[in-house]
Amino acid sequence: MLRPTSLRSLPRSIPAPQAWSGRSAFRRGLFVGPQQKTAVSVAAVSAKRSTTALLAAGLLGGFVAYQLATEPVLRAEGPRAPAAAEDLKSRLSAQHVQVKNSWENPGVYAWGNNVGRVAAPDSDEDLVKTPSRISAFNGVLLRDLKLDRDVGVAVNEKGDILQWGVGFAPDTKTPEQTLTGKDIIAVELSGDRLFALSKAGKVYSMPMAKKDQAEGVKMPEPSWIPGLSSDSKVSYRMLKPELSYFERISKIAAGRDHILLLTSSGRVLSTAASYSYPTKGQLGVPGLTFATRPRDKPYDTCHELTTLKGLTITQIAAGDYHSLALDDAGRVFSFGDNTSGQLGFEYKPESNHIPVPTLLPFQPIYGKDSVPTVTQIAAGGANSYFTVDATDTATGRVSADLYACGTGIWGNLGNGRWTHVQGVPIKVKTLSGLFEYDDKSNSIIPIRLSSLNVGATHSAATMQNLTNVNASTSPSSPAHDVNYGSDVLWWGNNEFYQLGTGKRNNTSVPVYIPPLDAVAAAIEIDMTGSSSSGDMSRKSGIIGGKGDEVGSARFTRKDQVHRFQVTPRKRVQVGTRRVEVEQRVACGRGNSAVYSAV
C-alpha cells in the first residue's frame, strides 16, 4: 500500500499550492489547507473525549466517529443514533461516491463551449458551465472520445464511430453512427477530417460533415456472400503507408492539417490531413510542400521520417501545427511551427519553423547533478508537455517532473505566469517532485502523472497517486474502508468554463474541480462545541437535509474540500455483464469531457 508524504503539494481549487496533510488526506481525497490546521487539532481533542464515553457505553458508532474525526474531515455537535457503515461511506466520502457512481452509472460528462452543440447536443445553451451528462451516452462504454469546437466523435464498445455537433450536421440533437464494422480503437481530429485507427492497424480518413460523408466517393466493401461486394455507407479514404509484412500502425496523432503514424516497429510516418497542405514543417520531411509532393500519388501519401530512421520511437504527439516524437531511450524530437516556442527552442524570427525532427536536450536544464529521461509527451494547440524522470547522480533518487513550453497567455504553461512565448521547457512546479510512501518496498517513491490531456488552450493531468477500488461492500465493514480514485488537475484557458471550476477566470496553476455529480458534499472542519442539533443547508447541489448521524457526533458539510477524481481500471458489474472499465479525460477546443472507457 502507498502512503504519501507531504514533501510537495498539489493545489485544490485555489491558485496557490497547499500541503497535503499526511496519509489520511491523500487516501480519502480530502484537502487540508493552512487555515484549517488549528480547527483540526481542536476537533481531534474533542473527538477523543467523546469517544471515551461512547466506548464505555459500547457504541460502535462512537468508534466510527473517532476514526473519522481524527482525520481532518468532521465536526462534532450533538448525540445521534448509529447508522449503517456502508451508508456512512456514501455520505461521508465524496470520493467513494464518485467511484461507486462511475460503476453503477457509466456515461459521458461534458462542459464548456456549446456553440457547436458538442458539450450538450440537445441544448440550445451556448455555454455549459458545469459538468453535465450527455443523456445519449448514459450506460454506454466507449473506446475513445475526441472533442472539437463543432464536432464530437466517439468510438463505442463495438468499435463503431458516433458523431454529433453542428460541424457534423446542423440539426443533429443526438450522436449518430457513421463508420461501422471496422473495429475502431482510436480517433483523431484535424481541421476538417477525422482519422480512425482500427484494431488491425488500418487507418481510415473521412470528412467531418454528414453531407460530405453521404455525397463523397464510396469505397467497395466485401459482402458476407462470397464473391459479392457493395459500396460503403459513408465516404472514406484509406491511408496506405508502406509497411513490412508483420508491421502495422499502432498509434496516430493529428494536428489541424497533418497526421503522424507510428508503426509497431517504432517507425514514424506523416501525411497531409487535407488538401490544405501543411506549410510549417510539421510533416518532418524537409522540402516537402504542396508544390513538391509526388504528383502521381494522392495528396495523403504517407512519408517516412528518414531523420528518425534507426531509432525506435515509442510515442508521438501533435499540436495544431507542430509534432513531437519520443524514442525508447527517453529522447524527444520536435519539428514544425515554433512561433510560440512550442518545439522547446527559443523563437527566432528568421527561422520560426523547424522542418526536420530535432533533438530537444533536457540535460542542460538539469545540469550535471541529475540525469533526465523523458517518459511521456503530449501536445495541443501551441503547447508541448514532457514528463521527466530525473535521477540524482549522487543518491540515485528519482524525481518525477513536468515541463511545458509554448504559449502561456491563458495560463496554459501551468507555471503560475502569463507568458506569450516560452521556448526552453519550464518546470510545472506544482506537479513536479511529488512523493509518497510505498509499504511494500519500505521506501519513498515519486508520484508520476498517469496521463496528460491537452486541448487547444487548456490541459488536464491525471495523477498516478494512491487509489483503492477494493473497498468492502459489506454493511459491517468499517466506514473508513472507502474507494478513492486518481486526482485530476486542470489549468489554462477558462473562457468557456472548460476547466470545470464553475467560474470563468483562467488559471495559470493546476487546480482541482468539484465532483462531477455534485452529490457528495465537501466537509469543512469547524468545531462548534454545541450539543444542539439542526439541519444542513442545501447549497449548490450539495446534499441537504438532516445531518449525518454516527453515535454521539453530528457532522456538517460545507463547500470546496472534496474534489473530482477518476476511477482507475477494474473489472466490475455493468448491467448484466462483468467488464473492465475506467474513467478517462478528454480536452477539446474550448470544451472538456470525462467518459467511461473499456
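Me: How many helices and strands are in the protein chain?
Reply: In this predicted model, the chain has 7 helices and 39 strands.

Me: And what share of the residues count as buried?
Reply: Of the 598 residues, 55% count as buried.

Me: OK, what about the outside, how much area does the chain expose?
Reply: About 24800 Å², with carbon and sulfur atoms supplying 52% of that.

Me: Let's go inside. Which residues touch the most other members of the largest nonpolar core?
Reply: That core has 30 residues, and the ones with the most fellow members in touch are Val 108, Trp 111, Leu 145, Trp 164, Trp 490, Phe 564 and Val 585. Strands β2 (108-113), β4 (142-147), β30 (486-492), β38 (577-587) and β39 (591-597) each supply at least two residues of this core. Apart from it there's another core of 17 residues, including Leu 413 and Ile 447.

Me: Why would nonpolar side chains be buried together?
Reply: In soluble globular proteins, that's simply how nonpolar side chains tend to sit.

Me: Switching to helix α5: is it mostly covered or uncovered?
Reply: Mostly covered: 9 of the 11 residues in α5 (94-104) are buried. Among them are His 96, Val 97 and Trp 103.

Me: Now sheets. In what order do the strands of the 4-strand open sheet come?
Reply: The order is β14-β15-β16-β17, with antiparallel pairing. At the edges are β14 (249-254) and β17 (303-304), each pairing on one side only.

Me: How many bridges link β15 and β16?
Reply: There are 5 bridges between β15 (258-263) and β16 (268-272). One bridge joins His 258 to Ala 272 in β16.

Conventions
Residues are numbered from 1 along each chain as its sequence is written. This is a predicted model: local features need pLDDT of at least 70, side-chain atom pairs count only at pLDDT 80 or more; totals for chains, interfaces and linings use all residues. Side-chain values use heavy atoms; hydrogens and water are left out. Buried means under 20% relative accessible area, exposed over 50%, partly exposed in between (1.4 Å probe, protein chains only). A nonpolar core is a set of buried Ala, Val, Leu, Ile, Met, Phe, Trp, Tyr and Cys residues joined through side-chain atoms within 4.5 Å. Two strands pair if DSSP finds at least two bridges between them. Accessible areas come from the Shrake-Rupley method with a 1.4 Å probe; for residues, only the protein chains shown count as cover.
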